Amino acid sequence: MKQVTVFCVVVVMWMVSGASANVEVFEICTGSAKQQNPSLDGRYTVWQDDRSGATNQDIYAYDLQTEHEFAVCTAPGRQRYPSISGDLIVWQDDRNSKWDIYGYDLSVEQPQDREFVISEHPHNQEYPAVSGRFVIWGDRRNGTLDLYGYDLMDQVEFEIASHPTVSLMQPDIDGDWVVWYDDRSGLYQVYACRLEFPIPDGGFEVLHVSPSDNAQGFPSVSGDRVVWHQQNSVGGYDIAGCNLQTGESFTVFEGGDGRYPSVSGTTVVWEDYRNGKDRTDIFGRDLASGGVFEISATVAKQARPVIDGQTIIWQHNEDLWAAYLLEPTVLTVIWPDGGQMLLAGSEQDILWQTEGPALEQVKLEFSADDGTNWHVIEPNVPDTGAYVWQIPEVDSPVCRVRVGDVGGSGAIGVSASVFTVFQCDPALTADLNGDCRVDIADFAVFAEQWTQCGNRYDPDWCWQ
């Protein structure tokens with residue numbers, strides 16, 4: 001195996017108090033039994049369900065378009081860890097007293113003909129994932145947990161990645177990218193490979209995605225983008241990522257405790273521990289706009305979110321909740337937007353534009369060091385698009401202003417490029433009106449004060 005390193009059910013809808021104004025939350029499945037390990041693609045979400053007992057778990061699904069729940073598999077034994085792509089659902093199944101991989105095709109007309117076996121090797125197969133024509137899973141036929149795949153179109157099984165002493169954990173797939181984590185380097189790290197056929201001599205090329213001194217785990221992949229959680233120095237986990245095509249690494253969330261991320265396009269969601277381990281919340285970030293936003297923060301244990309497009313599903317205590325990400329609010333700084341020369345101490349307008357859902361209040365900030373440090377101008381002003389700003393007494397050619405929502409939407413706008421705030425040269429002593437130039441206006445001030453005495457106690461003092 002080659003290896004290289006890359007640096008790099010009725011739906012009830014409501015608005016959740018304290019959540020982003022652009023997130024609509026609703027229930028998928030509630031009841032006395034536990035629903036967990038959801039998967040989501042397009043109009044369908046699937047999950048592992050305990051309504052028949054914790055030792056007889058089944059697979060259920062929900063059609064988001066028709067608002068209809070239905071059973072996928074209620075066979076004897078345990079069915080766990082479902083994954084869905086389009087009309088195809090896969091899961092691990094122990095009806096034969098060991099873990100096999102089964103599938104279900106929603107496009108088949110007769111429900112009794114929809115189920116099929118993908119792999120029933122004598123050893124256990126676990127943690128399946130599906131994308132398009134490919135199903136992948138962890139396979140114990142060689143003793144450790146290796147990665148195997150199956151081409152549903154050509155009906156061919158193949159090995160993806162293996163290691164003689166290390167188990168390859170929690171695989172995920174999107175298109176032809178497969179990701180997982182293992183500790184072959186002595187520390188859990190994220191790895192990836194790209195499926196290509198015919199399989200190259202020596203097997204698929206394994207990429208060490210983004211080497212780190214901190215343990216990594218639970219990767220999620222969408223297109224060329226992979227994200228994972230990673231231990232940090234404060235005892236929690238950051239959310240990090242990498243573009244598998246370019247090798248460019250990026251940070252999604254850091255300095256707190258965020259775990260089990262899921263990515264779709266430019267949006268990443270995760271379970272967040274900022275309010276304690278007994279009431280975890282669901283947060284997200286749009287990598288395109290940069291804003292972190294709250295999806296659901298309630299007094300509950302919320303975990304393992306998954307996202308596809310604008311839809312998010314997660315475990316809410318023992319139930320399943322969901323959210324739609326509605327039209328985002330976009331803030332754009334109109335002025336000063338870069339290149340301006342502004343006199344310190346003068347009054348100027350800050351102008352901005354709000355597109356999408358309106359905001360109630362925004363925070364205005366100023367930076368004199370190109371965004372390294374921000375200083376609050378006003379913590380709360382109405383979102384009117386204009387504010388009269390008393391420019392501070394600074395002198396810097398790398399200034400920016402920032403406008404941000406004080407609510408939970410994460411909307412933020414920053415000057416497109418730097419502008420200059422300058423202090424007038426103190427040597428310009430003939431500038432009598434303080435506009436940092438000497439002109440006829442200064443002469444008018446001079447003429448107005450001609451022969452006037454500056455002793456306010458005795459105007460005649462000057463002429464004694």
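Select strand 17 (residues 177-182) and strand 18 (residues 189-194) in this predicted model. The two strands form a hairpin, with six residues between them. Within that turn, pick out Gly 186, whose phi is positive, at about 95 degrees. The pairing of strand 17 with strand 18 is antiparallel and extends over six bridges. One position to display is Asp 182, which stands opposite Gln 189 of strand 18.

Remain with strand 18 and colour its residues by accessibility. The strand is mostly covered, since five of its six residues are buried. Next, add strand 19 (residues 206-208) to the selection. Strand 18 and strand 19 run antiparallel and are joined by three bridges. In this pairing, Cys 193 has Val 206 of strand 19 as its bridge partner.

Proceed to strands 20, 21, 22 and 23, which make up an open sheet of four strands. Their order is 20-21-22-23, and the pairing is antiparallel. Which strands lie at the edges of this sheet? They are strand 20 (216-222) and strand 23 (249-253), each of which pairs on one side only. With direction ignored, neighbouring strands of the sheet are turned by 25 degrees against each other on average.

Within this sheet, isolate strand 22 (residues 237-243) together with strand 23. These strands run antiparallel, and four bridges join them. Show Gly 241 and Phe 250 in particular, for Phe 250 in strand 23 is the bridge partner of Gly 241.

Now centre the view on Gln 48, in strand 5 (residues 44-49). Is this residue buried or exposed? Gln 48 is buried, because its relative accessible area is 3%, below the 20% cut-off. Its side chain makes a polar contact with the side chain of Asn 37, at 2.8 Å. A polar atom of the Gln 48 side chain also lies 3.3 Å from the backbone nitrogen of Tyr 81. To display the surroundings, select the residues that Gln 48 touches beyond four places in sequence, including Lys 34, Gln 57, Asp 58, Ile 59, Arg 80 and Pro 82.

Turn to the cysteines. How many disulfides does a search of the whole structure find? The search finds zero. Select Cys 29 and Cys 73 to examine one case: the closest cysteine sulfur to that of Cys 29 is in Cys 73, 16 Å away, and therefore too far for a bond. Cys 29 counts as buried, at 2% relative accessibility. Cys 242 is likewise buried, with a relative accessible area of 0%.

The next stop is the largest nonpolar core, which has 20 residues. Show Trp 352, Phe 366, Trp 389, Phe 419 and Val 421 as sticks, since these have the most contacts inside the core. Among the strands that each supply at least two residues of this core are strand 31 (330-335), strand 33 (347-355), strand 34 (361-367) and strand 37 (396-405).

Focus on Phe 366 and select its contacts beyond four places in sequence. Phe 366 touches, among others, Trp 374, His 375, Ile 377, Pro 392, Cys 399 and Arg 400. The residues it touches also include Trp 389, Phe 419 and Val 421.

Finish at another core, of 16 residues, which lies apart from the largest one. Phe 158, Ala 161, Leu 195 and Phe 204 are among its members and may be selected together.

Key. Residues numbered from 1 in each chain as written. Predicted model: local features only at pLDDT ≥ 70, side-chain atom pairs only at ≥ 80, totals over all residues. Heavy atoms only, no water. Pairing = 2+ DSSP bridges. Axes fitted to C-alpha atoms, helices over the stretch in contact; angles between N-to-C directions. Buried < 20%, exposed > 50% of the residue type's maximum accessible area, 1.4 Å probe, protein only. Polar contact = N/O pair within 3.5 Å; in protein donor to acceptor, adjacent residues only side chain to side chain. Contact = heavy atoms within 4.5 Å. Disulfide = S-S within 2.5 Å. Core = buried A, V, L, I, M, F, W, Y, C linked by side-chain atoms within 4.5 Å.
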